[in-house]
Amino acid sequence: MAGSGKAHLRNNENVILRVEDLTMEFPAGGKNFVRAVSGISFDIERGETLAIVGESGCGKSTLGKAILQLPKPTSGSVNFQGQELTSLSKDALRDVRPAMQMIFQDPVSSLDPRLTVAKIVDEPLKIWERGDELWRSKKVDELLNAVGLDPALVRDRRSYEFSGGQCQRISIARSLALEPLLLICDEPVSALDVSIQAQVVNLLMDLQKEMDLALIFIAHDLSVVKHISTKIMVLYLGNMVELANSNEIYQNPSHPYTQALISAVPIPDPSIEKNKKLILIEGDLPSPINPPSGCVFRTRCHKAQEICSIEKPEFIESSLSHSV
């Protein structure tokens, strides 16, 4: 099928997550449906960071949740460490869940305001019956220290007493409690001040190296993504339009949509890049209920031709580390 190439997928023992032809649809009244994610295929190795970028409404968060079967995808395959998650029973899927954790976008609302910080971080350990009460208490202190919070100062306080950045650190500590192999970060810094964003991103990078985590980092801020990612996937209207190593995508963006996103990244010193051109994307994002025929980006693309409305472009490798 045009547009769903899989030549970029790798076959080696380091790959812990392999997603093929993942599609996520939601009913939208009558016979209509919203195709939030459309036939996406990718993989990720242990210790690697895959960044997923695109404008609001392109399906980034839906893709992250569909990987965790929250909710279950409409179709496609999600293989985690040799297990096909889409065909597992509820009990079998629950057994796999500790190895896959998620950090949610809003750090404040993702924490229960009735619980103390110690109880929030301890909850996964308690549910999964890890150790006795004394062991869990020490583990909570270790996790809080790991994310840069002093247990003596924070463990008996509640989430509403902290800033957004501190709440996100608590969320990270909770997500690491069960020592996962894969951590999905759904725009973990978008609600934070710029100065705090850098601290949280650096924290995630340090923890990744220490624990050999595989990270899926969902974001719309390309300057943040460049700092943390190994590979970058660009989504548009639920479709993957480009996938490449981080440096390759910034130095040589191939798809017109990626080129526009890169051109919009603010420059710290404009005098250095005086000739940089801003590529404007005109028009509004099409409705996912009635997406354009052929190439979904053609209605806003300055390079669109007649064939673009008829045929969906095939996702192919342009080089060893670059697919578009």
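1. Start with helix α6, residues 164-176, in what is a predicted model. A helix of 13 residues, at 1.5 Å a residue, should span 18 Å, and the end C-alpha atoms of α6 are 19 Å apart, so the expected and computed values agree.

2. How many of the 13 residues of α6 are buried? The count is 11, so the helix is mostly covered, given that buried means under 20% relative accessible area. The buried residues are G165, C167, Q168, R169, I170, S171, I172, A173, R174, S175 and L176.

3. What covers these residues? The elements over the buried part of α6 include two strands, β6 (100-103) and β7 (182-186), and three helices, α3 (117-127), α4 (133-146) and α7 (194-211). The pairing of α6 with α7 is taken up next, followed by that of α3 with α4.

4. Two packed helices are described by the angle between their axes and the distance between the axes. For α6 and α7, the axes come within 10 Å and cross at roughly 15 degrees. Angles under 35 degrees count as roughly parallel, which is why α6 is described as roughly parallel to α7. The crossing of α6 past α7 is right-handed.

5. Which residues make the contact between α6 and α7? On the α6 side they are G165, Q168, R169, I172 and L176, and on the α7 side I196, Q199, V200, L203, L204, L207 and M211. Sorted by class, this contact holds eight nonpolar, three polar and one charged residues. G165, Q168, R169, I172 and L176 also appear among the buried residues of α6.

6. The axes of α3 and α4 come within 9 Å, and their crossing angle is roughly 120 degrees. This crossing is right-handed.

7. In the contact of α3 with α4, the α3 residues are V117, A118, V121, D122, L125 and K126, and they meet W135, R136, K139, V140, L143 and L144 of α4. By class, there are eight nonpolar, no polar and four charged residues.

8. One residue of α3 deserves a separate entry: E123 lies in this helix. Is E123 buried, exposed or partly exposed? Its relative accessibility is 37%, so E123 counts as partly exposed.

9. How far apart are the C-alpha atoms of E123 and S38? They are separated by 35 Å, and the two residues are 85 residues apart along the chain.

Conventions: Residues are numbered from 1 along each chain as its sequence is written. This is a predicted model: local features need pLDDT of at least 70, side-chain atom pairs count only at pLDDT 80 or more; totals for chains, interfaces and linings use all residues. Side-chain values use heavy atoms; hydrogens and water are left out. Helices (H or I, at least four residues) and strands (E, at least two) are DSSP runs, numbered from the N terminus. The expected span of a helix is 1.5 Å times one less than its number of residues. Buried means under 20% relative accessible area, exposed over 50%, partly exposed in between (1.4 Å probe, protein chains only). Contact means heavy atoms within 4.5 Å. Axes are lines fitted to C-alpha atoms, for helices over the stretch in contact, and angles run from 0 to 180 degrees between N-to-C directions. Angles under 35 degrees count as roughly parallel, over 145 as roughly antiparallel, 65 to 115 as roughly perpendicular and the rest as oblique. A crossing is left-handed if the near helix is turned anticlockwise from the far one by less than a right angle, and right-handed if clockwise. Ala, Val, Leu, Ile, Met, Phe, Trp, Tyr, Cys and Pro count as nonpolar, Asp, Glu, Lys and Arg as charged, and the others, Gly among them, as polar.
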